[in-house]
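The following briefing concerns a multi-chain model and is arranged by topic. Please consult the sequence and the structure alongside the points below.

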Amino acid sequence: MNIYDLTIHELKEKIAAGELTPAEIKKAYSDRINEVEDRVKSYITIIDELAGDELADYENKKEGLLAGIPIAVKDNMSTDGIKTSCGSKMLENYKPPYDAAVVEKLNEAGAVIMGKTNMDEFAMGSSTENSAFFVTHNPWNLNHAPGGSSGGSAAAVAAGECAAALGSDTGGSIRQPASYCGVVGLKPTYGMVSRYGLVAFASSLDQIGPITKDVEDSAILMNVIAGHDPQDSTSIAGKKEDYTKYLKEDVSGMKIGIPEEYFNLEFDEEVKASVLAAVEKLKEAGAEVETVHMTDASYALAAYYVIAPAEASSNLARYDGVRYGLRSEQAADVSEMFTNTRHEGFGDEVKRRIMIGTYALSSGYYDAYYLKAQKVRTLIKDDFDRIFNDFDLILTPTAPSTAIELESKSDPLEMYHTDIFTVPVNIAGVPAMSVPCGFDSNEMPIGLQLIGPHFGEGKIIQAAYTLEKLLNISEKRAEL
Amino acid sequence: MIDKKDVEYAAGLAQLKLDEEEKEKYTEQIGEILNYVDKLSELDTDDVVPTAYTVPMKNVLRKDEVKESLPREKSLANAPDEKDGHFRAPKIMSD
Amino acid sequence: MTTKYETVIGLEVHVQLNTDSKIFCGCSTEFGKEPNENTCPVCLGLPGTLPVLNKKVVDYAIMAGLALNCDIAEYSKFDRKNYFYPDLPKAYQISQFDLPVAENGEIEIETEAGLFNIGVTRVHLEEDAGKLIHEGSIDKSKGSLVDYNRTGVPLIEIVSEPDMRTPAQAKAYLTELKMIMEYLDISDCNMEEGSLRCDANVSLRPVGQEEFGIKAELKNMNSFSAVEKGLEYEVKRQQKLLDEGKKVVQETRTWDESLNKTISMRGKEEAHDYRYFPEPDLVPLEIDAAWKEEMRKEIPELPREKYKRFISELGLPEYDAGVLTGDKDLAVFFEEVLSDYDDPKNLSNWMMGEFLRLLNENGQAPFESGVSPINLAKMLKMIDQDIISGKIAKKVFEKMYNSGSDPETIVEEEGLKQISDEDELENMVDGIIADNPDAVEDVQNGKDRAIGFLVGQVMKETRGKANPGLVNQMLRDKLMD
């Protein structure tokens, strides 16, 4: 295997065994980026110059969990002195004066940050086509989207342009691209990973999580980034574990629920077949699989498309041209500056969601929309809690299809529907992981979603690890 | 169910400038989305408490201690315009 | 034809809390720093930053609520108030909408017309915005300059019920509020520095009508007198409109200090749709009985209680009680002296007289001068014991004020002890009698006033140290048999 195809744990073994040095690893990944980047286009910013400092620092951080390991970071996480654009013209030249909490943790662990990856603008999108700069291509088929909004991160991992990456997930933005790109993507329980430094989209839904080549890497990365942060008031204390202790091949007695209402929705037959085949494998390995009844996922989607835009409309109001970011040249007075800056700085989807959100919060509509959606949110949370009383995990497809073709969806609602299986998870705040479970007849990756109860990352990792070993496809790489 | 006036109102509140074409387009698209959202009314939520907080904590508080502020140059580093240590913006109102 | 109208006034007062750090970040709240020196990613609202609540801010809000006789919420939360303005970095203010920290309070105020209870609707927490100044003059502005030092400074907003009926009551309410906040020591309460701000809602209704009239909101009153003048002007303005059969427009008006009138801001301030929703970056507050009790213990005797107690228990006149309790430090100083001295009226005279005079001359606060409560008590006792005369005491006091020395040392060093020794006095008196035969003759001829002259001579001779009472008695004994 090429160095750039290796996982974090394989790289660490080789470093420990003296077979590879961090400098060699860094070079291998840099070369790979040079080789494929003009076709995949995962990165908005490639961080070359810093490599020297970080490698020099390697001696000091040798004991770090990610010492010498190249990691990519989605471009909505603040990196001190390094452009953080969120895929938007609004922040095209914005350089934060501070590091996000997760970036600090990566640095402390000795990681080599390769660059900032492409994304849908302000994390609003499901294909990374909403990036204001360029489109990222799926390494498995360059005419297809990598998914979104963490498309750049998922593509970079799948293309061997980094050992692993961080993404963010508000309605599926880690899991869906992971599914499309044949890699592992985990959205932790809301509150497990600090949001300090994550440019906010929907505050009550956003979470940062790992995108990796396999489940073991996901556990390693979680050990680095999870945990309480006093800078984030919604960050939970006392729940972090050593996630690598769940890397066991054992699902005997695990009760897994298959929601009938989710599987009854119309979606790609090959995806369904692949997911159900994986279910059989889990059954053979000793898991107890049963059909369960849950609220139709479309209600969660409807609630999401009120709550997320509402919070986003408020979170994105700060982009007004006064303190940083774009300022329109047409700015004869403050009012003109506000409206022109936001007109020039924001793309279509962002404007659309800001308006929906503003409308949903406005006088006369708050009760009918925002308040109603928050109540439905309670119903959905209770629904999940109810199932998890009796079940360890819930299993669904991650996405209703494999990676869509680029430029194939022009209707916003159609694009929103690709999140149907992932959104309920964010609404309930529970953790979920997308793990590759097969390929369709076009060799495009299919992902399966394992949902756990609050703080159930351990169970998810264990089941996913077991499945990964059973399916034995985790070493397959995209041919570029 | 949402008309152009509503879109204009929302755009105004959100400080977004839209031309006529955009107003038409957004009115249609947002209308479709809100139609979909309307299915929320199919669920009975009369006695349901809204979820305002996704985490169970209360009283997350910090001590009243002064921490070092950002050096002023760093605060102003991304400013599109500055003067005498102030962020500079256009005047409030045109005549 | 003038109909009789009743004035209805409600006040919204913003009080800056004097915590060391801001409400949601660790930046200093210190006033008067260079622009943008007290800022950080959080209070600048940089993308990705999050608020973390300062416990002391909540402590102070609970104290304020208790001091205003409010119910303290068991469950309280923060909400976002969304609007665009250059001095608002996040384009929303973190405030409280429907579940404030305190509600349903009231305070007692006193005006010349009597005592009144003014209701306090609510007390809630919010963050302050930055400072925007117009570059150039207001009408020919070239730009806006923004300083974000003030963003994130903690505020409590105190909203009164529309219970005030005269501008005088409004002023009394504001004064009482300021004193309470000073007694609690949670704010500098300085209107000139902006740590105390007041907006007013004013309306008129025909006497006897229950329904409120249309109200105007008054802003930009930057001193107590401006509040009173602004309200008086506005009442007259609305009265005139109504008398002419016109309607009062619901609008925001700004007080113009130079023109002495309120001016409409209509057109520049439309009704805002603030789209309040619960702040998702903060978690709710649960204020239990223990926390309330802890804060209740921090509340000292409040101004009105102290005022009433000074009158009823210490027997002080209303005027004295008013002056002494009008300043917290003065009241505390007064009480500290009293722990060692038992004539409140005498003490009051000294404090309202000499002490306040010197404090005002030197621009100092009661505990900043050289006079300590112990030393003042000592000095007053020395007067009572005739060790020094009242007149000499004034000199001693001034010396104490400037040097910080104790009175015994000063009297010793300057030789200011009152001469009360009978033999010593008799010598002086005999000497003065011998030197002033004409005056002596006057006394013996019944001119009582000449005694005064002779006493004066003894005082002059002894440079004020002779005990005037004894001297007077002695002269009478010797000359008026």
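**Helix packing in chain B**

In chain B, helices α1(B) and α2(B) are roughly perpendicular to each other. This arrangement, like everything that follows, is read from a predicted model. The points below begin with this helix pair, then turn to buried elements of chain A, the contacts between chains, and the sheet and domains of chain C.

- The axes of α1(B), residues 4-13, and α2(B), residues 20-37, lie 9 Å apart and make an angle of about 105 degrees. Angles of 65 to 115 degrees count as roughly perpendicular, and the pair is therefore placed in that class.
- From α1(B), the residues B:Lys4, B:Val7 and B:Glu8 make the contact, and they meet B:Lys23, B:Tyr26, B:Thr27 and B:Ile30 of α2(B).
- By residue class, this contact of α1(B) with α2(B) comprises 3 nonpolar, 1 polar and 3 charged residues.

**Buried elements of chain A**

- Strand β6(A), residues 207-212, is largely enclosed by the rest of the structure, because 6 of its 6 residues are buried.
- Strand β4 of chain A, residues 164-169, runs antiparallel to β6(A), and 6 bridges join the two. Within this pairing, A:Ala164 stands opposite A:Thr212 of β6(A).
- Strand β5 of chain A, residues 184-187, also pairs with β6(A) in the antiparallel sense, here over 2 bridges. A:Val184 has A:Thr212 as its bridge partner in β6(A). A:Thr212 is thus a partner both of A:Ala164 and of A:Val184.
- Helix α5(A), residues 151-158, has 8 of its 8 residues buried, so the helix is largely enclosed by the rest of the structure.
- The buried residues of α5(A) are A:Gly151, A:Gly152, A:Ser153, A:Ala154, A:Ala155, A:Ala156, A:Val157 and A:Ala158.
- After α5(A) comes A:Gly160, which has a positive phi, near 75 degrees.

**Contact between chains A and B**

- Chain A contributes 53 residues to the contact with chain B, and chain B contributes 42 residues.
- On the side of chain A that touches chain B, at least two residues each come from α10 (297-315), α11 (334-345), α12 (348-361), α13 (367-390) and α14 (412-416) of chain A.
- Of these, α13(A) gives the most, with 10 residues.
- The residues on this side of chain A divide into 27 nonpolar, 15 polar and 11 charged.

**Contact between chains B and C**

- Here 37 residues of chain C and 30 residues of chain B take part.
- The elements of chain C that give two or more residues to the side touching chain B are β2 (53-54), α1 (55-67), β10 (143-147) and β17 (285-286).
- The most is given by β10(C), with 5 residues.
- This side of chain C is made up of 16 nonpolar, 12 polar and 9 charged residues.
- Strand pairing also links the two chains: strand β1 of chain B, residues 61-62, pairs with β2(C) in the parallel sense over 2 bridges. The bridge partner of B:Arg62 in β2(C) is C:Asn54.

**Sheet of chain C**

- Chain C has an open sheet of 9 strands with mixed pairing, in the order β3-β7-β8-β11-β1-β12-β13-β14-β15.
- The edge strands are β3 (71-72) and β15 (261-264) of chain C; each has a single partner strand, so one side of each is left without a neighbour in the sheet.
- Strands β13(C), residues 216-221, and β14(C), residues 251-256, pair in the parallel sense over 4 bridges. C:Ala216 is matched with C:Glu251 as its bridge partner in β14(C).
- Helix α2(C), residues 167-184, packs on the sheet and touches β1, β7, β8, β11 and β12 of chain C; the direction of this helix makes about 115 degrees with that of β7(C).
- Helix α3(C), residues 224-243, packs on the sheet as well, touching β1, β12, β13, β14 and β15 of chain C; the direction of α3(C) makes about 25 degrees with that of β12(C).

**Domains of chain C**

- Chain C is divided into domain 1 (5-291), domain 2 (301-414) and domain 3 (422-479).
- The centres of domain 2 and domain 3 of chain C, taken over C-alpha atoms, are separated by 33 Å.
- In the contact between these domains, 4 residues of domain 2 meet 4 residues of domain 3. The residues on the domain 2 side divide into 1 nonpolar, 1 polar and 2 charged.

Methods. Residues are numbered from 1 along each chain as its sequence is written. Chains are lettered from A and ligands numbered from 1 in the order in which they are written. This is a predicted model: local features need pLDDT of at least 70, side-chain atom pairs count only at pLDDT 80 or more; totals for chains, interfaces and linings use all residues. A residue is buried if 20 or more other C-beta atoms lie within 10 Å of its own, exposed if 12 or fewer, and partly exposed in between; C-beta atoms are placed from the backbone. Two strands pair if DSSP finds at least two bridges between them. Two residues are in contact if their C-beta atoms, placed from the backbone, lie within 7 Å. Ala, Val, Leu, Ile, Met, Phe, Trp, Tyr, Cys and Pro count as nonpolar, Asp, Glu, Lys and Arg as charged, and the others, Gly among them, as polar. Domain bounds come from an automatic or database domain assignment. Axes are lines fitted to C-alpha atoms, for helices over the stretch in contact, and angles run from 0 to 180 degrees between N-to-C directions. Angles under 35 degrees count as roughly parallel, over 145 as roughly antiparallel, 65 to 115 as roughly perpendicular and the rest as oblique.
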